[in-house]
Amino acid sequence: MQDAIVAEDLVKTFGEVRALDGVDLNVPTGTVLGLLGPNGAGKTTTVRVLTTLLTPDSGHATVAGFDVVKQPNQVRRSIGLSGQFAAVDEYLTGRENLQMVGELYQMSAKDSKARAVDLLEWFNLADAADRPAKTYSGGMRRRLDLAAALVVRPPVMFMDEPTTGLDPRNRLALWEVIQDLVADGTTLLLTTQYLEEADHLAHDIMVVDHGKVIARGTADQLKAQTGGERVEVVVHDRELIGTATEVLRGFSRDDVAIDQHTRRLTIPVQGGAKLLAEVIRELDQRGVEIDDIGLRRPTLDDVFISLTGHHAEDADDNGDGGDDEGGDAGRRTADKAAQTRKDAAR
Ligand SMILES: Nc1ncnc2c1ncn2[C@@H]1O[C@H](COP(=O)(O)OP(=O)(O)OP(=O)(O)O)[C@@H](O)[C@H]1O
Ligand SMILES: [Mg+2]
């Protein structure tokens, strides 16, 4: 199968920060790659290089067979982008925003109108279609931005954290739209903070941290790497965290993760429900009262702890702060995304 997206040894620095530190990736045509990583990992930078919004310092990338540095116009004609910060025209209605994109791409007025109607329906925006976008909630803007990226059915799509800020119902609705697109042959690179989302949508997952790819595989392969299931216990009495830790150590060769604040202990185990019963029995024998106990599958955070030794939320130690939602940086990103669409339409 041919690769719709290929990146080789991409490097991008911002002053002291190596936002991309030798990223290699490939996405076979018609598949979904999920790019997972904590804040500041380099996800958006990767997307911006691949969508021609940023020039890499070194390395090489092609999208739909075109070089992102040497053939930016051809790349832009082949892609759709939904950026991390919604890029919509505040003063136009939802319907007008979508029709405008169609017309920018030289669709007929009739086709643009019909496409807008379909997209408003898919994204649960039909009721708000004729209100200016400035009256939309955050989740509605996000959905309008995603809809705008789909007006022209590009063969290669990039979505940067498409479901951040969506409620569960809209998240599921978007997952369906994405699955339909992929069933129709679209290639998708999607970034997310949620393993569950990558799990559901992506054929292949890449974990990035500090500008480097630190793991790649299917969701099951990544979870298997983190040591399978976890027992999680919330101890009632803070004084007994030590005793409970001793008990848990008897059930696994891995370390017990202890959160003193929530009195929550977590340990990777093998053995499922039977083992859980034994843990409960032994805690009881040692006089440890518990508020909650359960067996759960690994989360993204577990994948991170196991791959990097730190929690996902602690990973951002390089002064990221310029990309906060709603800030100037966010607005610049939004403006850029709107500009790309306009450029692409030329
Ligand atoms: N325009 C810029 N100027 C300076 N530093 C930047 C710029 N863009 C990104 N960076 C830095 O590059 C690193 C990677 O940022 P990037 O936006 O790619 O992360 P991300 O994985 O998308 O994070 P998030 O989950 O917060 O969106 C961060 O340290 C960030 O501060
Ligand atoms: Mg980002």
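pLDDT is the predictor's confidence in each residue, on a scale from 0 to 100. The structure described here is a predicted model, and its protein chain has an average pLDDT of 86, with 87% of the residues scoring at least 70. One stretch calls for care: over residues 315-346 the pLDDT stays under 50, and the model has 44 contacts for this stretch beyond four places in sequence. Where pLDDT is low, the predicted coordinates should not be read in detail.

As a first orientation, the protein chain holds twelve helices and 14 strands. Of its 346 residues, 41% are buried. Among contacts between residues at least 6 apart in sequence, 68% join residues at least 24 apart.

A good place to begin a tour is strand 9, residues 204-209, where five of the six residues are buried. Strand 9 has partners in both senses. It runs parallel to strand 3 (residues 32-36), to which four bridges join it; in this pairing, Leu35 has Met206 of strand 9 as its bridge partner. With strand 10 (residues 212-217), strand 9 pairs in the antiparallel sense over five bridges, and Val207 stands opposite Ala215 of strand 10. Strand 9 and strand 10 form a hairpin with two residues between them, and His210 in the turn has a positive phi of about 50°.

Met206 leads on to the interior of the model. The largest nonpolar core has 67 residues, of which Leu50, Val63, Leu189 and Met206 touch the most other members. Helix 5 gives the most to this core, contributing six residues. The surroundings of Val63 can be followed one by one: leaving out residues up to four places away in sequence, Val63 touches Ala4, Ile5, Leu50, Val68, Val75, Ser78, Ile79 and Val156. Apart from the largest core lies another, made of twelve residues, and Val231, Val233, Val235 and Val247 are among them.

Two helices show how buried residues are arranged along a helix. An α-helix has 3.6 residues a turn, so residues three or four places apart point the same way. Helix 4 (residues 109-122) has 14 residues, which at 1.5 Å a residue should span 20 Å; the C-alpha atoms at its ends are 20 Å apart, in agreement with that expectation. Its buried residues are Ser112, Arg115, Ala116, Leu119 and Leu120. Seen down the axis of helix 4, these residues fall within an arc of 135°, so they line one face of the helix. Lys110 and Glu121, on the other side of helix 4, are exposed. The cover over the buried residues of helix 4 includes helix 3 (94-104) and helix 5 (138-149). Just after helix 4 comes Asn124, which takes a positive phi of about 55°.

Helix 9 (residues 241-249) can be read in a similar way. Here the buried residues are Ala244, Val247 and Leu248. Viewed down the axis of helix 9, they fall within an arc of 95°, so they line one face of the helix. Gly242 and Glu246 are exposed on the other side of helix 9. Strand 11 (230-235), strand 13 (264-268) and helix 10 (272-285) are included in what covers the buried residues of helix 9. Val247 of helix 9 is also among the members of the twelve-residue core.

Helix 10 contains Glu278. This residue counts as partly exposed because it has 14 C-beta neighbours inside 10 Å. Glu278 and Phe251 are 27 residues apart in sequence, and their C-alpha atoms are 9.2 Å apart in space.

Two further residues complete the picture through their backbone angles. Asp9 is found in strand 1 (residues 3-14), and its phi is near 50°, a positive value in a residue other than glycine. With 14 other C-beta atoms within 10 Å, Asp9 is partly exposed. Thr52 lies in the loop between helix 1 (43-50) and strand 4 (58-63). Although Thr52 is not a glycine, it has a positive phi of about 70°. Thr52 is buried, since 24 other C-beta atoms lie within 10 Å, and the cut-off for a buried residue is 20 or more.

Terms used. Residues are numbered from 1 along each chain as its sequence is written. Chains are lettered from A and ligands numbered from 1 in the order in which they are written. This is a predicted model: local features need pLDDT of at least 70, side-chain atom pairs count only at pLDDT 80 or more; totals for chains, interfaces and linings use all residues. Two residues are in contact if their C-beta atoms, placed from the backbone, lie within 7 Å. The arc is that of the directions from the helix axis to the C-beta atoms. Two strands pair if DSSP finds at least two bridges between them. The expected span of a helix is 1.5 Å times one less than its number of residues. A nonpolar core is a set of buried Ala, Val, Leu, Ile, Met, Phe, Trp, Tyr and Cys residues joined through C-beta atoms within 7 Å.
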